[in-house]
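Okay, thanks for squeezing me in. I'll put the model on the screen and then walk through the cysteines, the packing and a couple of rings.

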Amino acid sequence: MNLYDRYLMPLLIDACCGLPAIAEQRAQLLPLAQGKVLEIGIGTGRNLSFYDRSRVRSLHGLDPAAQMHRKARRRARMAGLDVELLPLSAERIPAPDASFDTVVCTFTLCTIPDPLAALAQMRRVLKPTGQLLVCEHGRAPEPRLARWQDRLTPWWKPLAGGCHLNRDVAAMLHDGGFRATELVTEYLPGPKALTYVTRGVAVAA
């Protein structure tokens with residue numbers, strides 16, 4: 001891992017993920033989490049202050065970027081939450097079937113090498129009555145803009161930790177075995193190629 005990947009990129013990603021428009025997306029989604037919660041791609045813990053502590057019984061965070069865990073632990077303490085952090089990717093979640101009431105995945109599916117395998121794992125570890133809370137940026141609905149996302153993605157990925165601009169979030173949820181019960185799509189402020197966001201709730205199909 002080079003110095004950019006280890007030190008500078010996490011700082012840049014953390015700063016971008018703390019922008020007010022993204023914080024508003026988190027504020028609308030995270031209070032829905034309840035029971036035993038698994039957060040995929042917990043990163044530096046940007047979501048932690050938005051959980052409703054009265055509804056969360058336990059919290060587990062999965063992220064292969066172990067260099068981000070120190071900041072996540074600090075944010076967990078500030079939020080009054082105990083979190084178990086695991087330095088692993090989501091394609092193989094080390095938990096039994098039907099373990100969690102809620103799985104949270106925000107601004108993460110864009111970077112996972114095999115997002116459909118990860119979604120299948122999320123579905124596996126969710127209880128039958130559980131829910132997936134998702135907020136992701138991805139492929140824009142306008143064909144011309146989507147083509148630009150296709151062109152930009154190979155250049156963008158090395159700069160942004162493997163982030164894909166052109167993944168279709170709704171299609172991935174369907175193909176990963178989920179049924180959306182509520183989805184909101186919108187552009188956040190900023191370049192449209194980066195800011196088409198899908199937010200909502202899904203259950204196992």
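So, C163: buried or exposed? It counts as buried, because its relative accessibility is 7%, under the 20% cut-off. Keep in mind that this is a predicted model.

C163 is not in any disulfide, and the nearest cysteine sulfur belongs to C110, 3.7 Å away. A disulfide here needs the two sulfurs within 2.5 Å, so that pair doesn't make the cut. In fact, the count of disulfides for the structure is 0.

What about C135, then? The closest cysteine sulfur to that one is in C105, at 9.9 Å, so it is too far for a bond. C135 is buried as well, because its relative accessibility is 1%.

Now a histidine that touches C163. H137 sits in strand 5, and with 11% relative accessibility H137 counts as buried. Who are its contacts, if we skip neighbours within four places in sequence? On the list for H137 are both C110 and C163, plus F107, H164, L165, V169, L194, Y196 and V197.

Next, the packing. The largest nonpolar core has 23 residues, and the ones with the most contacts inside it are I40, M122 and L132. Which elements feed it with at least two residues each? Those are strand 1 (35-40), strand 4 (100-106), helix 4 (115-125), strand 5 (126-137) and helix 6 (169-175). Helix 4 is the top contributor, giving 4 residues to this core.

Let me zoom in on I40. Leaving out residues up to four places away in sequence, I40 touches M122, which is another of those best-connected core residues. I40 also touches L62, A90 and I93, then V103, V104, C105 and T106, and finally T108 and I112. So C105 turns up again here, as a contact of I40 and as the owner of the sulfur closest to that of C135.

Apart from this core there's another one, with 22 residues, including L30, V37, I42 and A72.

Last bit, rings. How many aromatic pairs does the structure hold? Just 1. There are charges over rings too. The charged end of R151 is placed over the ring of W148, 4.8 Å from the ring's centre. And K192 lies over the face of Y187, with 4.8 Å to the ring centre there.

That's my tour; happy to rotate the view if anyone wants another look.

Conventions
Residues are numbered from 1 along each chain as its sequence is written. This is a predicted model: local features need pLDDT of at least 70, side-chain atom pairs count only at pLDDT 80 or more; totals for chains, interfaces and linings use all residues. Side-chain values use heavy atoms; hydrogens and water are left out. A nonpolar core is a set of buried Ala, Val, Leu, Ile, Met, Phe, Trp, Tyr and Cys residues joined through side-chain atoms within 4.5 Å. Buried means under 20% relative accessible area, exposed over 50%, partly exposed in between (1.4 Å probe, protein chains only). Contact means heavy atoms within 4.5 Å. Rings of Phe, Tyr and Trp (its six-membered ring) pair if their centres lie within 6.5 Å; planes under 30 degrees apart count as stacked, over 60 as edge-to-face and the rest as tilted. A charge sits over a ring if NZ of Lys or CZ of Arg is within 6 Å of the ring centre and within 35 degrees of the ring normal.
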